[in-house]
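Me: Could you walk me through this structure with a few questions and short answers? I'd like to see how each answer is reached.

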Amino acid sequence: MRGALRLGGLAAHVAPRPTVSAARAALRHMVSHLVLDSRPRHLTRELSRLAHGSVRVNLNLLGEAVLGTEAARERRDGTIALIERLDVDYVSLKVSSVVAPHSPWGLEDAVTAICDELRPVYRAAAAHGTFVNLDMEEYRDLDLTLTVFMRILSEPEFLSLHAGIVLQAYLPDAMGAYTRLLEWASARRAQGGAPVKARIVKGANLSMERVDAEWHGWPLATWHTKLETDAHYKRLLDAALTPSATEAVRIGLAGHNLFDIAYAHLLAHERGVADAMDVEMLLGMAERVAPAICADVGAVRLYTPVVRPQEFDVAIAYLVRRLEEVANPQNFLSSAFRSAHDPSALHEEERRFRAAVCTVAHAVPGRHRGTPLPLGSGFSNQPDRDPSTRAARDWASAVAGRVPASQLGVDIAAQAWVDDVAQADAVLARAVEAGIAWGATSPAERAGVLETASGRLEQARTALVEVMAAEAGKTLDQADPEVSEVVDFAAYYARSARALADVRGATAVPRRVTLVTPPWNFPVAIPGGSVLAALAAGSAVVLKPAPAVRRCAAVLAQCLWDAGVPREALQLVDCAEDPVGCALVADARVEQVILTGAYETAELFTRLRPGLRLLAETSGKNAIIVTPSADLDLAVRDVVQSAFGHAGQKCSAASLLVLVGSVGTSKRFVRQLRDAASSLTVGMPQDLDSQVGPLIAPPTGRLVSGLTRLGVGERWLLEPRPLNAERTLWTPGIRTGVRPGSEAHLTEYFGPVLSVMTAPTLDAAIDIANGVAYGLTSGLQSLDAGEISRWLERIEAGNLYVNRGITGAIVQRQPFGGWKRSAVGPGAKAGGPHYVERLSGWAADPVPGASWDEELVASLARDYAPQDPAALACERNVLRYVTAGTEIRVGTRAAVADVARVVAAAAAVSPQTRVTVATRPDASLAAVLEASGLSVTVEDDAAWAARMTALPQARVRAVGQVPSDARTASVAIFDDPVTMSARLEVFPFVKEQAISITAHRFGTPSAVAHDVDVTAARSAS
């Protein structure tokens, strides 16, 4: 086998397509006892071989991931074709396979849609006498599946139909689900209906349930131990195997544990219900024991997956779960295999069985979900609401009902209106006084207020979601995580405030007034994060919201005032952009401006006030690259989510898709992409089934072009269409044939339109992604460690995502901020360890007993080593630092000691750092510069300023005085006084880069994700 693999690896370089085809055929043959070929002639042969005597089959049609309506319809029709076969009497299917992915908040709409799709299945089953079993894998589908099952079988035409549903014993909720099923089935029987069947399994999706719980910060939906699951399995059997219960709900016992099968068999016989129970086992897992069970228990039904050969790769997830089960030493099959050479293995199974029986009588919770996890001592992210729980869905329904008539924030916003420049002058006068008082509080005091604010914001989740939906058009799946984010900002920046007192070699000197000018697309998290960070740094804040979302800002500000932020320290100012807004930006009393918005706005601000200290997160033109080694099903899912969430109105949204090599000609990939995007439900936020909400306003300018006009050689794979008279609801658009350098390649449209490009190689794809002026987020879909490493080495963006979506950065996990034109000024990543400290001023504070070189070495190891504080098992989230290509400018009145510290910090990061000086250095300065080993050039202020402003991007550590006109949107100048803090002095010479890599495959840890070295040195330039 190993020799064949080596030979195949060599052949693949010469003849890739024939080699891959041969490899697939070989793999299909290897697992043909686990997964059957669904082609009619092959299936007939296999079924005649399997179904004999007391052995029957239960067919489950596998296929490519159901990402849209077309794939769902194909799966449904394929299942109907199986039902219509004369040699098939039993099929299984999941509700998630017959309908496109739906909003988890819109359960009622999903139930209606699924019932519509399932009626033809049940009609075919009734006509052909075929039993249909509804399967489920994910906990989130439990309520959905049960509701669908009961609703459709309550319809008169299906009253006499005998059908089934699965219940998973590893869920504490299974007992409540069974009780609900029994009550319904008993009432159905009383009306003359047929009994139904509950297929009781232990559950086979534990690994993915762990991923789901860990990633969201939710309680694990399943039991935590195998003992608990085994006990609950028996608890369900004890409740179900009674004469009264089996009159309405018959039992399918699914499993391979001979102790459990014997237990259920004896229990059923003892209670006189043996004819109401049958046994099911997995194809390929029961060859040795099935005959014995048939002899003692009766008929055995084999759960048998079938798949078309061209879709065989989609069976991998199923096979992974099966192999994981067999490999688990606690699994009965594993013990059974070992018992051939280790008799003690079955003794251990006996011990486990007895322990589970003794545990059956223990009191147990009805569910795990919905109960908050205990808080740890450190920072932890606030979980979103969990739509799998009824309480959360009821909450969402109540919120949605209030959205159309919501008036939240109206009164507060009206009180914040500033008519003229004179009123703005009074606002700033109050802000200066408040800034002095607020800055005089200790970091610990400010942290306490922010911690209170974190709790208050969580308490206001309902109001914040309502106002975002009502004013900004945010669907619930977008608004709810935004509240979690602002709650996180408050808690995280409270910790950052406390850390200000611990910076070695410097003392924080708060800046008195910060102006915050946020965008409309994240109307709570972005203004909230900016305001909270500035407050943490000791600055008073003037918050000027985007006009379209003034109510959101008003509700946010009220939360912070209620938490104890002084009203003078946080002033809400609603005003016209000109002249009042411009006057605020231009006023020298504003010591810094935090902007999130378009790059053009940053340019405007720097023109309004030359020398302005501006810290801005600006535009993005973000690409996802998909290589042939990717899991194409998952790639499509992530691309569609990244491109069309919030109607593409995110600076982090995927607006470019670059397909490498054979992916560019893959009919399957293109079909799935079109199907997934076209199946998204577009609607208003009060409709809980909406997956794509409205634009903030009718499209204008570039967005009109993006939605309605094609460039040379382009065509619509999916043409966007307006759905309402206001032209704010648009279906997703996908254009193909986009050429390098075209408008669609380079322009940020900021709407629901995706541009698709192709590239022959990964390096060519990276060139396309890097060919835009921005560098905010970027994604790669690949299962090849070498490709991932190459991409991480070359891609130019601040937030990198591998095998996942590229939006939805989470505080601390993925600190957010870009490179190139996506970032303006001397700031740091929001939600990261340096953000608050960059908003403060600093004064030098001597560090006794340590040399500067020692401080640098210690800081590089402590503050600038790659770090993953979230430490998730399912995802690697590493913040690393790369050399930034920063230039040192030694201006007039530069102190030699300051220059010495700065050049030493630069040399520790990058020996290639360039130094320019305004005048020929004197002897002492010349000696320092010569000793540094760095390249030194004499360049007068005028020439230097002209060169800087002519560069597309520049980053400068200034020592001494430098020309203010050099500080433009494209030139980030770090001109704070030089301190004795190595942490602060190293920062200008590095760029932060957040890397997020999915670290599992179907819940199993991924070797590829951990083989990638994210610590490898690289340069941002």
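Me: What is the strand order in the open sheet of 5 strands?
Reply: Happy to help, and bear in mind that this is a predicted model. The sheet is open, its 5 strands pair in the parallel sense, and the twist from one strand to the next averages 25 degrees. Read across, the order is β30-β29-β28-β31-β32.

Me: Which strands stand at the edges of the sheet?
Reply: An edge strand has a single partner, so one of its sides is left without a neighbour in the sheet. That holds for residues 935-938 and for residues 971-974. These strands are β30 and β32.

Me: What is the bridge partner of Val917 in β30?
Reply: Look at strand β29, which covers residues 914-917. β29 runs parallel to β30, and the two are joined over 4 bridges. For Val917, the partner in β30 is Val938.

Me: Which helix packs on the sheet, touching β28, β29, β31 and β32?
Reply: The helix spans residues 941-950, and its direction makes about 155 degrees with that of β28. Its name is α36.

Me: How many disulfides does the structure hold?
Reply: A disulfide needs two cysteine sulfur atoms within 2.5 Å. Take Cys651, which is buried at 8% relative accessible area: the closest cysteine sulfur, in Cys552, is 17 Å from its own, so this is too far for a bond. For the structure, the number of disulfides is 0.

Me: Is Cys358 buried or exposed?
Reply: The cut-off for exposed is over 50% relative accessible area. Cys358 has a value of 60%, so it counts as exposed.

Key. Residues are numbered from 1 along each chain as its sequence is written. This is a predicted model: local features need pLDDT of at least 70, side-chain atom pairs count only at pLDDT 80 or more; totals for chains, interfaces and linings use all residues. Side-chain values use heavy atoms; hydrogens and water are left out. Buried means under 20% relative accessible area, exposed over 50%, partly exposed in between (1.4 Å probe, protein chains only). Two strands pair if DSSP finds at least two bridges between them. Axes are lines fitted to C-alpha atoms, for helices over the stretch in contact, and angles run from 0 to 180 degrees between N-to-C directions. Contact means heavy atoms within 4.5 Å.
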